[in-house]
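Here are a few worked exercises to go through with the model open in your viewer. Try each task before you read its solution.

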Amino acid sequence: MWVQQTMTLKARSRGFHLITDEILGQLPELSRVKTGLLHLLLQHTSASLTLNENCDPTVRQDMERHFLKAVPEDAPYEHDYEGPDDMPAHIKSSLLGVSLMLPVSHGRLQLGTWQGIWLGEHRIHGGARKIIATLQGDEK
C-alpha cells in the first residue's frame, strides 16, 4: 500500500507548535497499515519539522528562546531583502531539518510516550505551510 498526499497546515505565529493531531487527522489511511513508514516532507525553507516533547508547552517556549539567541536576526546576513527574520529562518530550518521518517504499526505511529511532531515556524508571518505525507506499508 502506498498513499501520498499534500497537507496544508494553517498559518501560525513564530515558535514551535505541536501538530501531531493535525497530521493524523488528515491521514485516515494510517489505520489500515499493519507495518509501515510515514515520511513527512515540509515544502518550505524557513520552517522545520522535528520530534520532541508532546506534553509540556514550556519545552517549546524554551526551544524558541534558545533558537532566537543562537541564530540572531541582527547578524550581518547578506541575504536580507525578504526581511530580518528570513535568513535566520533558513539557518534554523537547516539545523532542525524539514522531514521525518516515522514507523507505523497496527494503524498507529510508534512514537515514544512523550514524543510529538512539531512544526518550527521560524518567520514572524510564515503563512500556511504544506507537508507531503507518504505512507507505505502492509495492510492489515
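**Exercise 1. Which residues line the largest pocket?**

Ground rules: this is a predicted model, where local features need pLDDT of at least 70, side-chain atom pairs count only at pLDDT 80 or more, and totals for chains, interfaces and linings use all residues. Residues are numbered from 1 along each chain as its sequence is written, and side-chain values use heavy atoms, with hydrogens and water left out.

Step 1. Fix the term: on a 1 Å grid over the protein atoms alone, a pocket is an open set of points where a 1.4 Å probe fits, with protein on both sides within 12 Å along at least five of seven lines, and lining residues have an atom within 4 Å of a point.

Step 2. Read off the lining: Thr20, Leu24, Leu30, Asn54, Gly107, Arg108, Leu109, Leu111, Gly112, Thr113 and Gln115.

Step 3. Sort them into four nonpolar, six polar and one charged. Here Ala, Val, Leu, Ile, Met, Phe, Trp, Tyr, Cys and Pro count as nonpolar, Asp, Glu, Lys and Arg as charged, and the others, Gly among them, as polar.

Step 4. Look for the elements involved: α1 (20-25) and β6 (108-109) each supply at least two lining residues. Helices (H or I, at least four residues) and strands (E, at least two) are DSSP runs, numbered from the N terminus.

Step 5. Add the volume, about 170 Å³; that is the space filled by probe spheres set on the points, with grid points joined across faces, edges and corners.

**Exercise 2. Work out what surrounds and pairs with strand β7 (residues 115-125).**

Step 1. Check burial: eight of the eleven residues of β7 are buried, so the strand is largely enclosed by the rest of the structure. Buried means under 20% relative accessible area, exposed over 50%, and partly exposed in between (1.4 Å probe, protein chains only).

Step 2. Find the partners, given that two strands pair if DSSP finds at least two bridges between them. Strand β2 (residues 13-18) runs antiparallel to β7 with five bridges, and Leu18 has Trp118 as its bridge partner. Strand β4 (residues 47-53) is also antiparallel to β7, with seven bridges, and there Ser48 faces Gly120.

**Exercise 3. In what order do the five strands of the open sheet run?**

Step 1. The order is β1-β8-β3-β5-β6, with antiparallel pairing.

Step 2. β1 (2-9) and β6 are the edge strands, each pairing on one side only.

Step 3. At the β6 edge, two bridges join β6 to β5 (residues 99-105), one partner pair being Val104 and Leu109.

**Exercise 4. How many salt bridges does the whole structure hold?**

Step 1. Count every case of a side-chain nitrogen of Lys or Arg within 4 Å of a carboxyl oxygen of Asp or Glu. The search gives eight.

Step 2. Take Glu73 and Arg14, whose closest N and O atoms are 2.1 Å apart. Glu73 sits in the loop between α2 (57-70) and α3 (86-96) and Arg14 in β2, so this pair ties together parts 59 residues apart in sequence. Together with Glu64, these two form a network of salt bridges.

Step 3. Now compute burial for another pair, Arg123 and Asp85, with 3.0 Å between the closest N and O atoms. Arg123 lies in β7 and Asp85 in the loop between α2 and α3, so parts 38 residues apart are tied together. Both residues are buried.
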